[in-house]
Amino acid sequence: MILVNTDYITGKELEMLGLVRGSTIQSKHLGKDLAQSFKTLVGGELKSYTEMMNEARAIATKRMVAEAEQMGADAVVNIRYASAAVMQGAAEVIAYGTAVRFKNQ
């Protein structure tokens with residue numbers, strides 16, 4: 001499966017199949033959440049949250065790819081990511097793009 005954030009793939013003629021998306025909501029357990037709140041007092045990277053968001057993006061991407069595969073796609077183009085806080089310490093990440101099939105393979 002080819003994943004790109006452009007609306008084309010060089011050398012390929014594309015047939016659009018439709019929108020695909022994957023999402024997840026992630027949170028950290030209370031202990032890590034409290035530890036990260038203290039970190040905001042002194043500054044620096046909140047590594048626990050960085051890890052959480054990286055994991056969330058990977059899960060959302062995997063779910064988007066699974067949806068594209070169900071449609072018979074060869075690739076997903078124009079991929080975008082968005083995130084939003086759902087509540088304190090929890091965030092939703094969504095990955096979305098256009099599933100395409102290659103014409104004249």
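1. Two strands count as paired here if DSSP finds at least two bridges between them. With that in mind, β1 and β3 pair in the parallel sense, over 2 bridges. Within this region, I2 stands opposite A75 of β3. Please keep in mind as you read on that the model is predicted.

2. A word on the overall layout. The protein has 2 helices and 4 strands, and from the N terminus on its elements follow the order β-β-α-α-β-β. Of its 105 residues, 30% count as buried. The exposed area of the protein comes to about 6,800 Å², with carbon and sulfur atoms supplying 52% of it.

3. Now the sheet. In general, the strands of a sheet pair through backbone hydrogen bonds, in either a parallel or an antiparallel way. Here the 4 strands make an open sheet in the order β1-β3-β4-β2, with mixed pairing. Its edges are β1, covering residues 2-3, and β2, covering residues 14-27, each of which pairs on one side only.

4. Which strands does helix α2 lie across? Helix α2, made of residues 47-70, lies across β1, β2, β3 and β4, the last of these being residues 90-102. Relative to β2, helix α2 runs at about 145°. Contacts in the protein are often between residues well separated along the chain: of those with a separation of 6 or more, 76% join residues 24 or more positions apart.

5. T61 is a good residue to select if you want to look at the helix side. T61 sits in helix α2 and has a relative accessible area of 15%, so it counts as buried. Leaving aside neighbours within four places in sequence, T61 is in contact with L3, Y81 and A95.

6. V20 gives a view from the sheet side, in strand β2. Is V20 buried or exposed? Its relative accessible area is 0%, so V20 is buried. Once neighbours within four places in sequence are set aside, the contacts of V20 are M64, E67, A68, M71, V76, A95, Y96, G97 and A99. Take A95 from that list: V20 and A95 are 75 residues apart along the chain, yet their C-alpha atoms are separated by 8.4 Å. A95 is also among the contacts of T61.

7. For the charged pairs, how many salt bridges does the structure hold? There are 3. One of them joins K103 and E13, whose closest N and O atoms are 3.8 Å apart. K103 belongs to the segment after β4 and E13 to the loop between β1 and β2, so this pair ties together parts 90 residues apart in sequence. Both partners count as partly exposed, K103 at 36% relative accessibility and E13 at 45%.

8. R101 and E15 form another salt bridge, with the closest N and O atoms 3.7 Å apart. Since R101 lies in strand β4 and E15 in strand β2, the pair ties together parts 86 residues apart in sequence. R101 is partly exposed at 31% relative accessibility, and E15 is partly exposed at 33%.

9. The salt bridge between R21 and E67 has its closest N and O atoms 3.5 Å apart. This pair links distant parts of the chain, with R21 in strand β2 and E67 in helix α2, 46 residues apart. R21 is partly exposed, with a relative accessible area of 44%, and E67 is partly exposed as well, at 24%. E67 may look familiar, as it is also one of the contacts of V20.

10. Last, the surface. Which residues make the nonpolar patch of about 310 Å²? I25, V86 and M87 make it. V86 has its place in strand β3, residues 75-87. Why can V86 belong to such a patch? Patches are made of residues with over 30% relative accessible area and no salt bridge, and V86, with a relative accessible area of 47%, is partly exposed, so V86 meets the area requirement.

Key: Residues are numbered from 1 along each chain as its sequence is written. This is a predicted model: local features need pLDDT of at least 70, side-chain atom pairs count only at pLDDT 80 or more; totals for chains, interfaces and linings use all residues. Side-chain values use heavy atoms; hydrogens and water are left out. Patches are made of residues with over 30% relative accessible area and no salt bridge: like charges are joined within 9 Å, nonpolar side chains (Val, Leu, Ile, Met, Phe, Trp, Tyr) within 5 Å. Accessible areas come from the Shrake-Rupley method with a 1.4 Å probe; for residues, only the protein chains shown count as cover. A salt bridge is a side-chain nitrogen of Lys or Arg within 4 Å of a carboxyl oxygen of Asp or Glu. Buried means under 20% relative accessible area, exposed over 50%, partly exposed in between (1.4 Å probe, protein chains only). Contact means heavy atoms within 4.5 Å. Axes are lines fitted to C-alpha atoms, for helices over the stretch in contact, and angles run from 0 to 180 degrees between N-to-C directions.
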